[in-house]
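Here is a short report on one chain. It covers the domains, the ligand shell, a strand pair and the record's annotations.

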Amino acid sequence: MKITIVGSGYVGLVTGACFSEVGIDVVCVDIDQSKIDNLNNGIIPIYEPGLEEMIVRNMKKERLKFTTNIAAAVKESEIIFISVGTPPDEDGSADLKYVLAVARDCGKHMNKYTLVITKSTVPVGTSLRVKKAIQEELDKRKVNIDFDVASNPEFLKEGAAIDDFLKPDRIVVGIESEYAEELLTQLYKPFVLNGHPIIFMDIVSAEMTKYAANSMLATKISFINDIANLCELVGADINQVRKGIGSDGRIGNKFIYPGIGYGGSCFPKDVQALIKTAGEYNYDLQVLKAVEAVNKAQKSILFNKILNYYNGDVKGKTVTLWGLSFKPHTDDMREAPSLEIVSKLLKAGARVKAYDPVAIPEAKHHFGDTISYYNDQYEALIDSDCLAIITEWPEFRIPNFNVIKKLLKTPAVFDGRNIYDKDEMRQNEFDYFCIGVDTVRYILK
Ligand code: UDX
């Protein structure tokens, strides 16, 4: 079996690497020549645990190749995945120009039956536009070649993408022909051996499934954040409430951790896109609008706590941030809460020092020299007034609290991810603030 994946970004690379890992011949295509040159030299443009090793291993076995030559790649394969970017355009809707350009390339170059599968997250109805674009190109060529389109959304979590691909909870595929179903059943066979289902459905439902899944997950997070904020006011502890509700199987204990708002490349974009789609049908998605509003407000929560602690004035204070990426095990800072917090701190006249295990190069693109960067989490605390936990990297979980206290000017820790125990922090004589716990009662002074 031979497949082509067009778009060698995050999703394309993980998809290509994982298919080649199970012995399928994969050609990954991108228009960016320097990216392809780097990949051919084993230089991977993103940080994702296990990805580099997997790519290099399969390149050596010559079953994973990188090229800019889309014409040749389309001709060589019966199956083509589209996994190019769909950046939001000015009004927040997904910009489909790259997806449709690939569809046109498929129509221009295919010379036998081809199955074109959309993997990029695209608005409901896009696969039909892909089909139309391919057909238009075939008509221009005046050739009659049979083809199918399909939708196969990805559910990869950054930082755990390889595992998610190799051992998926489920694979969702939208198809409109039996032959396409047969091809995809064959292709995904190695990944469903241990009982994980491949769920076939119609194309529009598959496209909708992706948005509904991410919106449901975003809803869980905004819901728990809303309840956490109320817990602070009534004197309850969200950590206990979370355990209490999570043990109900209908609710489940996953994805109900309060924090400083969801970020990343998917949730914010997908929630906005679904609200927009609903609007096009004159339907008001009220729940999702609230999910978005709560998330926006939640990104300021930690800054507000810091401001309150210093009686409304952080001018001249130095705040150290541990973690900058939107979540651990990635250097991705898209929609990260750190962007909001840094901007608010700087605007209020504070200085910011930051440490992150992998995201500093990425952070420099966002903050330039407006903040200071450190390669060591303790060094970043020297001469700082307080510490704020922004990302729950494992290395922050059991730090040396004595060193932290010695280095900080005020013993204040603002924990945006609830990684510390409030009683232990009190024993360690910290002023400790987290999310959803009335820690004001615990302040030492
Ligand atoms: C998500 C989906 O999980 C994945 O299936 C989809 O394909 C792409 O979007 P990802 O963006 O990589 O994946 O991150 P995820 O681990 O899901 O976390 C998203 C955000 O939610 C992060 O900002 C995280 O900090 C936040 N989060 C998650 C919480 O605040 N609380 C939780 O309980 C879980």
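## Domain layout

The C-alpha centres of domain 2 and domain 3 lie 23 Å apart. This is a predicted model. Its chain is divided into domain 1 (2-199), domain 2 (211-297) and domain 3 (299-442).

Domains 2 and 3 touch: 19 residues of domain 2 are in contact with 18 residues of domain 3. On the domain 2 side, the elements giving two or more residues are α9, α10 (238-246) and α12 (286-298). Helix α9 supplies the largest share there, 4 residues. By class, this side of domain 2 has 7 nonpolar, 9 polar and 3 charged residues.

## Ligand shell

The ligand is surrounded by 19 residues. Glu-158, Tyr-257, Tyr-262, Gly-264 and Cys-266 come nearest. The shell divides into 11 nonpolar, 4 polar and 4 charged residues.

Where does the ligand shell lie relative to the domains? Domain 1 (2-199) and domain 2 (211-297) both give residues to the shell, so it lies between them. Helix α9 (residues 203-234) makes the largest contribution to the shell, 3 residues. Helix α9 also gives the largest share, 4 residues, to the side of domain 2 that touches domain 3.

## A β-α-β unit

Strand β7 (residues 171-174) pairs with strand β8 (residues 198-201). The pairing is parallel and runs over 4 bridges. Within it, Val-173 has Phe-200 of β8 as its bridge partner.

Helix α8 (residues 178-188) joins the two strands in the description: β7, α8 and β8 make a β-α-β unit. Its hand is right-handed.

## Annotations from UniProt

An unreviewed UniProt entry places the feature "domain: UDP-glucose/GDP-mannose dehydrogenase C-terminal" at residues 320-422. In the model, the end C-alpha atoms of residues 320-422 lie 20 Å apart. The span is 26% helix and 18% strand.

For "binding site", UniProt (unreviewed entry) lists Asp-30, Lys-35, Thr-86, Thr-121, Glu-158, Lys-269 and Arg-334. They span 305 residues in sequence, and the farthest two C-alpha atoms are 24.9 Å apart, so they do not all gather at one spot.

Two of the listed positions can be placed further. Glu-158 is listed by UniProt under "binding site", and Glu-158 is also among the residues that come nearest to the ligand. Thr-121 sits in the loop between β5 (114-118) and α6 (126-141).

Notes
Residues are numbered from 1 along each chain as its sequence is written. This is a predicted model: local features need pLDDT of at least 70, side-chain atom pairs count only at pLDDT 80 or more; totals for chains, interfaces and linings use all residues. A residue is near a molecule or strand if its C-beta atom, placed from the backbone, lies within 6 Å of it. Ala, Val, Leu, Ile, Met, Phe, Trp, Tyr, Cys and Pro count as nonpolar, Asp, Glu, Lys and Arg as charged, and the others, Gly among them, as polar. Domain bounds come from an automatic or database domain assignment. Two strands pair if DSSP finds at least two bridges between them. A crossover is right-handed if, with the strands pointing away from the viewer, the path from the first strand over the helix to the second runs clockwise. Two residues are in contact if their C-beta atoms, placed from the backbone, lie within 7 Å. UniProt positions are given in the numbering used here, feature names are shortened, and annotations may be inferred rather than shown by experiment.
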